[in-house]
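Take a look at the sequence and the model below. This report walks through a few of its residues and their neighbours.

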Amino acid sequence: MEKYVESLPRKLVCQDCGGMGGETDVVTDDGQGPWEECGWCEGVGLVTPHRRGEWLRYKAQMRSP
């Protein structure tokens, strides 16, 4: 996935993880824990325009009653 996204002329920062590729799942008091890869960008931090559209539709459905 990373090579594919990097090769595209138009790539976008993943809105779900903010381009970080995931987040640390904090399980201890000092902020340590396992790294959880973002499901939208698969840990790359970048997405295709099509994938961004899917994310936007998903978020709109989550807001709708």
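## A glycine and its neighbours

This is a predicted model. Leaving aside residues up to four places away in sequence, G43 touches G21, E37 and C38. Where does G43 lie? G43 sits in the loop between β3 (35-37) and β4 (46-47).

G43 and G22 are 21 residues apart in sequence. In space, their C-alpha atoms are 5.9 Å apart. G43 is partly exposed, because its relative accessible area is 33%, between the limits of 20% and 50%.

## The nonpolar core

The largest nonpolar core has eight residues. Four of its members are cysteines: C14, C17, C38 and C41. The others are L12, W40, V47 and W55.

W40 counts as buried, because its relative accessibility is 18% and the cut-off is under 20%. Not counting residues up to four places away in sequence, W40 touches C14, D16, V47, R51, E54, W55 and Y58. Among these contacts, C14, V47 and W55 are also listed in the core.

## One aromatic pair

How many aromatic pairs does a search of the whole structure find? The search finds one. The rings of W40 and Y58 have their centres 5.5 Å apart and their planes at 50 degrees, so the pair is tilted. W40 is in the loop between β3 and β4, while Y58 is in helix α2 (residues 49-63), so the pair ties together parts that are 18 residues apart in sequence.

Is Y58 buried or partly exposed? Y58 counts as partly exposed, because its relative accessibility is 35%. Its partner W40, at 18%, counts as buried.

Conventions:
Residues numbered from 1 in each chain as written. Predicted model: local features only at pLDDT ≥ 70, side-chain atom pairs only at ≥ 80, totals over all residues. Heavy atoms only, no water. Helix = DSSP H or I, 4+ residues; strand = E, 2+ residues; numbered from the N terminus. Buried < 20%, exposed > 50% of the residue type's maximum accessible area, 1.4 Å probe, protein only. Contact = heavy atoms within 4.5 Å. Core = buried A, V, L, I, M, F, W, Y, C linked by side-chain atoms within 4.5 Å. Phe/Tyr/Trp six-rings, centres within 6.5 Å; stacked < 30°, edge-to-face > 60°.
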